[in-house]
Every structure is written in C-alpha cells, then in structure tokens.
Amino acid sequence: MSHSTVPRSSAEASTPVKTPVASADATGAQKERGSGKLSLRHRFRRDRVLILMTLPAIVLVLVFNYLPILGNVVAFQDYDPYISDNGIVSILNSPFVGLENFQRIFEDSAFWNAVENTLVLFFVQLVLFFPIPILLALLINSVVRPRVRALAQAVLYLPHFFSWVLVIAVFQQMFGGAGMLSQLLRQNGYDGINIMTNPDTFPFLLTAQSVWKDAGWGIIVFLAALASVPQDHYEAAAMDGAGRWRRMWHVTLPALRPVIALLLVLRVGDALTVGFEQILLQRDGVGPDAGEVLDTFVWWNGVRNQDFGYAAAAGLIKGVVSIGLVLAANKVAHLMGEQGVYKK
C-alpha cells in the first residue's frame with residue numbers, strides 16, 4: 001500500500017503537534033493562578049528578591065525583639081546578676097521562686113497606683129491628643145497655597161526632633177514657678193502658679209507636651225492618606241451641591257477611617273506605655289503618687305532597687321495585658337468593618 005503524497009496545507013504544516021511537554025510544575029502553577037491562589041513555593045520563588053532584601057531587618061528583629069523574650073524567665077526567679085559576669089550563667093544559677101514575685105506585685109499598693117496613673121494618662125491622651133493630628137492634617141490639607149502648607153507642616157513637624165529634656169525645659173520656662181506665666185500674674189497683682197509641680201494637672205501637662213512634640217509626626221500619616229483620595233470624588237460631591245463641610249464629612253473622613261482605625265488599635269495596644277523618659281524626668285517634681293506609671297515602676301524597682309525578678313514580673317504582666325488589648329481592639333475594628341492590624 002502506497003502512502004499518500006498529498007502535502008498538508010500550510011496551516012496544518014505550521015501548527016505544531018501538541019504534546020504533553022509542559023511540566024507538572026507549570027501546570028500546577030497555571031491551575032493555581034486560575035483559582036486565584038499560589039502555593040507557598042511559588043510565592044517564595046516569585047518574591048525571593050524581596051525576601052532576601054528583608055532578611056537583615058528580620059535578623060535584627062529576632063535578635064533585639066524576640067530573643068530577649070527568653071529573659072522573662074527572670075520573673076520566676078530571685079535573680080542575682082552578680083553571680084557571674086555572664087548573664088546566661090546568672091540566670092541558670094538563680095533560684096526559682098515560682099509565682100512569688102507576682103503575688104508580691106498584686107499585694108503592692110504602689111503597683112496599683114502606677115496602673116491607675118497609667119490608665120488615667122492613657123484616657124486623657126486618647127481624648128485630647130489622638131484627634132489633634134487628624135484635625136491639623138485636615139486644616140493643612142485645606143490650605144490652597146503650597147508654600148503656606150509646606151511652612152505650616154515644617155513648623156509643626158520641627159518639635160519632633162527635640163529631646164524630652166529640651167521640651168520639658170521649655171515648659172519649665174513657661175509654666176514653672178519662676179516661668180513667664182507666673183511672672184505675668186505677679187506683675188498684675190495675682191499669686192504665681194507652678195503647673196510643673198501640680199499633681200492635679202500633671203496628666204494634662206504631659207498631654208500638652210506630647211501634643212507640642214509629636215502632633216507634627218502624626219500629621220504625616222494622615223496627609224499621606226488624604227493624598228490618596230481621588231479628586232473626582234470631591235468634584236462629584238461638589239456637583240451634587242455638597243459644600244466644604246459636607247465634602248469633608250462624606251468624602252475625606254471615610255477615606256481616613258481605615259488609617260484612624262489602624263492607629264487607634266495600635267494606640268490601645270500601647271496604652272500601658274505612656275512615655276517613660278518624659279515622665280521619669282518629671283516624676284520627682286510631682287511625687288510618685290501622681291508621677292509613677294508602669295514603666296517608671298519597673299525601672300525604679302529593677303534598676304534603682306536592684307529587685308530584678310520583681311521588676312521583670314511587673315513588665316511581663318504589662319506585656320501580656322498589652323497583647324490582650326491589641327487583640328481586643330483589633331476584634332472591635334473587624335466588627336466595625338475595618339481591617340485593623342491584621343485581617344480576619
């Protein structure tokens with residue numbers, strides 16, 4: 001039987017014969033792309049350059065943030081750092097006391113006084129300090145002239161670079177017993193006042209210092225969020241007859257809501273950390289009854305009194321409670337429809 005010599009058409013000849021040469025790896029990747037999901041191996045191959053770039057930062061975080069967590073074992077010991085020059089040897093040779101340090105803490109009235117001062121200061125700063133960067137960002141964003149906007153942002157941002165020693169010195173010159181305010185009152189026949197040593201106004205004094213120093217830093221985050229709002233949203237709202245206040249209420253604030261929710265969750269998680277250096281510099285001026293917070297309590301007992309196990313137990317309680325506050329605040333953010341720190 002002779003084979004046919006009729007040539008195949010050009011289309012037929014140019015069409016390659018499909019053979020199953022595609023590897024199982026490529027087929028699996030195509031299926032996963034079609035389903036919208038990539039396996040961990042494919043994501044690692046895709047992002048391997050970015051992962052290598054982040055390795056130094058990951059190592060630093062592990063060494064300086066997570067590795068020291070192992071030192072929390074000191075909270076369950078009568079730790080003596082003078083047993084050896086090697087800290088690890090001192091930990092291994094220090095006797096365990098179980099929950100004795102925690103029992104002492106819960107029976108210590110000074111600890112509960114520090115907790116009360118910390119919570120009072122947190123709520124005062126949450127109400128009086130947290131909204132101010134949002135309001136200032138909205139105000140700066142409404143300025144039409146770029147030069148005026150840049151000047152206002154620079155003036156508000158500059159105090160962030162001042163040390164707390166300088167900030168407190170400035171407030172001392174203004175509101176201290178011999179400050180400008182007291183001198184002005186005396187010149188007009190009134191008694192001078194010393195706000196810097198008044199325990200009743202101490203939380204408001206700390207909040208005012210934080211506002212002056214760090215409000216400009218918070219403005220940056222909200223201005224970046226405002227810059228991402230599409231201008232056509234404002235134009236559409238203006239065409240519908242919305243004025244400036246309605247545009248801010250219905251366009252600007254909804255755009256800022258995810259950022260506000262995220263920063264609020266982080267602020268709640270940081271509730272028990274209210275400014276160690278700032279308060280430590282002014283603690284003696286108002287006394288420990290008004291100026292003692294958890295961070296200064298840990299420092300005073302651990303560094304000054306050399307009671308390391310007791311201070312470590314207080315710090316461990318603070319850390320556990322802070323984690324619980326973050327999880328609770330993030331859950332509230334999810335219930336409100338926001339992402340928070342992490343997704344569900």
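Which residues does Ser-90 touch, not counting residues up to four places away in sequence? We'll get there in Exercise 1.

First, some ground rules. This is a predicted model, in which local features need pLDDT of at least 70 and side-chain atom pairs count only at pLDDT 80 or more, while totals for chains, interfaces and linings use all residues. Residues are numbered from 1 along each chain as its sequence is written, and side-chain values use heavy atoms, with hydrogens and water left out.

**Exercise 1. Find Ser-90 and list what Ser-90 touches.**

Step 1: Go to helix α5, residues 87–93, where Ser-90 sits. Helices here are DSSP runs (H or I, at least four residues), strands are E runs of at least two, and both are numbered from the N terminus.

Step 2: Check the cover. Ser-90 has 0% relative accessibility and counts as buried. Buried means under 20% relative accessible area, exposed means over 50%, and partly exposed is in between (1.4 Å probe, protein chains only).

Step 3: List the contacts, meaning heavy atoms within 4.5 Å. Leaving out residues up to four places away in sequence, Ser-90 touches Tyr-79, Asp-80, Pro-81, Ile-83 and Ser-84.

Step 4: Look at Pro-81 again. Its backbone oxygen lies 3.4 Å from a polar atom of the Ser-90 side chain.

**Exercise 2. Describe the chain as a whole: how many helices and strands does the chain have?**

Step 1: Count the elements. You should get 19 helices and 0 strands.

Step 2: Ask how much is hidden. Of the 344 residues in the chain, 28% are buried.

Step 3: Turn to the outside. The accessible surface is about 22,400 Å², and 65% of that belongs to carbon and sulfur atoms. These areas come from the Shrake-Rupley method with a 1.4 Å probe; for residues, only the protein chains shown count as cover.

Step 4: See how far contacts reach along the sequence. Among contacts with a separation of 6 or more, 62% are between residues 24 or more positions apart.

Step 5: Check the confidence. Mean pLDDT, the predictor's confidence in each residue from 0 to 100, is 82, with 89% of residues reaching 70 or more. Watch out for residues 1–26, where pLDDT stays under 50 and the model has 4 contacts beyond four places in sequence.

**Exercise 3. Which residues have the most contacts inside the largest nonpolar core?**

Step 1: Get the idea. In soluble globular proteins, nonpolar side chains tend to be buried together.

Step 2: Know the rule. A nonpolar core is a set of buried Ala, Val, Leu, Ile, Met, Phe, Trp, Tyr and Cys residues joined through side-chain atoms within 4.5 Å.

Step 3: Pick out the residues. The largest core has 20 of them, and Val-274 and Ile-279 have the most contacts inside it.

Step 4: Trace the elements. Two or more residues come from each of α7 (109–128), α10 (164–175), α12 (202–227), α14 (244–269) and α19 (308–335). α10 gives the most, with 4 residues.

Step 5: Zoom in on Ile-279. Apart from residues up to four places away in sequence, Ile-279 touches Leu-121, Leu-206, Val-274, Gly-291, Val-293 and Thr-296.

Step 6: Don't miss the second, separate core. It has 14 residues, including Phe-102, Leu-272, Tyr-310 and Ala-314.

**Exercise 4. Why does the salt bridge between Arg-104 and Asp-307 tie together parts that are apart in sequence?**

Step 1: Apply the rule: a side-chain nitrogen of Lys or Arg within 4 Å of a carboxyl oxygen of Asp or Glu. By this rule the count is 6 salt bridges.

Step 2: Find the pair. The closest N and O atoms of Arg-104 and Asp-307 are 2.7 Å apart.

Step 3: Place both ends. Arg-104 is in helix α6 (residues 100–106) and Asp-307 is in the loop between α18 (294–304) and α19, so the pair ties together parts 203 residues apart in sequence.

Step 4: Check exposure. Arg-104 is partly exposed at 34%, and Asp-307 is partly exposed at 22%.

Step 5: Try another pair. Glu-292 and Arg-283 form a salt bridge, with their closest N and O atoms 2.8 Å apart, and both residues are buried. Through shared partners, salt bridges join Arg-283, Asp-284 and Glu-292 into one network.

Definitions and conventions
A polar contact is a pair of N or O atoms within 3.5 Å; within protein, one must be able to donate a hydrogen and the other to accept it, and residues adjacent in sequence count only if both atoms are side-chain atoms.
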